Amino acid sequence: MTTRPSAPYPTNKGMHHVGLATHDMEKTIAFYEDVLGFRAVVCEMIEPEGGGAIRHAFFDAGNGELFAFMEPNAIPGLSGDFDTGINRGLGIRGGMFHFAFRVDDEAELDQKRAHLVAKGIEVRGVVDHGWCKSIYFRDPNHLQLEYCCLTGELEDRHSRGRFEPGWTRLARR
């Protein structure tokens with residue numbers, strides 16, 4: 001049985017930002033500020049050398065972490081109807097690509113669900129994954145989003161499955 005390396009892992013300093021795309025910056029800003037409560041903290045213009053313009057907005061996700069949306073406008077060679085939701089454009093069903101925001105506990109998860117439903121957002125969940133609970137919904141760009149809370153401490157037992165035959169037989173060696 002393989003075990004984790006004994007050498008220390010690199011220091012994790014968190015995520016700086018995740019970059020995403022939108023076709024409608026106004027709808028995106030309204031959703032993330034007015035529905036989810038994330039504040040836009042940087043709004044800038046990018047002017048690519050090849051022409052066109054990109055509006056770029058960063059939102060504060062907490063803990064010094066950000067996520068950003070880019071809205072391309074008249075960029076040569078870029079299709080104006082690409083799928084901003086990622087999954088459909090790749091032909092993948094469900095939410096293989098998704099983004100999860102942390103909440104502290106199940107009570108806050110329930111509050112987030114009630115808030116989204118009151119704002120007219122379709123919410124799927126609560127889904128109990130055994131170590132966390134989640135609710136799922138989509139933004140105006142068809143991105144699958146999630147609020148998620150841990151339901152206990154993560155322990156070594158939670159990652160032992162990677163050494164089980166069902167896991168290892170799928171390894172691409």
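Here is a friendly exchange about the fold and the charged side chains of this predicted model.

Reader: Thanks for sharing this one! In what order do the elements of the protein run from the N terminus on?

Author: Happy to walk through it. The protein holds 4 helices and 8 strands. Read from the N terminus on, they come in the order β-α-β-β-β-α-β-α-β-β-β-α.

Reader: What does the C-alpha trace span along its principal axes?

Author: Some context may help before you set up a box. Of the 173 residues in the protein, 28% are buried. The surface it exposes comes to about 11,700 Å², with 52% supplied by carbon and sulfur atoms. Along the principal axes, the C-alpha trace spans about 55 × 45 × 35 Å.

Reader: How far apart do the centres of the positive and negative side chains lie?

Author: Good thing to check for electrostatics. The protein carries 20 positive side chains and 25 negative ones. Taking each set's centre, the two lie apart by 8 Å.

Reader: How many salt bridges does a search of the whole structure find?

Author: Let me give a few examples on the way to the count. Among them, Arg 102 pairs with Asp 104, with 2.8 Å between the closest N and O atoms. Glu 155 and Arg 157 also meet through their side chains, at 2.7 Å from N to O. Searching the whole structure gives 6.

Reader: Which strands does the salt bridge between Glu 71 and Arg 55 link?

Author: The side chains of these two residues meet at 2.6 Å, N to O. Glu 71 and Arg 55 are 16 residues apart, so the pair links distant parts of the chain. Arg 55 sits in residues 53-62 and Glu 71 in residues 65-73, which are strands β3 and β4.

Reader: Is Glu 71 buried or exposed, and why?

Author: The cut-off for buried is under 20% relative accessible area. Its partner Arg 55 has 26%, so Arg 55 counts as partly exposed. Glu 71 has a relative accessible area of 5%, and therefore Glu 71 is buried.

Reader: Which residues are linked with Arg 55 in a network of salt bridges?

Author: You have already met one of them, since Glu 71 pairs with Arg 55 in a salt bridge. The network also takes in a further glutamate. Together with Arg 55, the linked residues are Glu 71 and Glu 26.

Reader: Last one: why does Arg 157 count as exposed?

Author: Compare it with its salt-bridge partner. Glu 155 has 42% relative accessibility, so Glu 155 counts as partly exposed. Exposed means over 50%. Arg 157 counts as exposed because its relative accessibility is 51%.

Notes: Residues numbered from 1 in each chain as written. Predicted model: local features only at pLDDT ≥ 70, side-chain atom pairs only at ≥ 80, totals over all residues. Heavy atoms only, no water. Helix = DSSP H or I, 4+ residues; strand = E, 2+ residues; numbered from the N terminus. Buried < 20%, exposed > 50% of the residue type's maximum accessible area, 1.4 Å probe, protein only. Areas by Shrake-Rupley, 256 points an atom, 1.4 Å probe, with all protein chains shown as cover. Lys, Arg positive; Asp, Glu negative; His and termini not counted. Charge placed at Lys NZ, Arg CZ, Asp CG, Glu CD. Salt bridge = Lys/Arg side-chain N within 4 Å of Asp/Glu carboxyl O.
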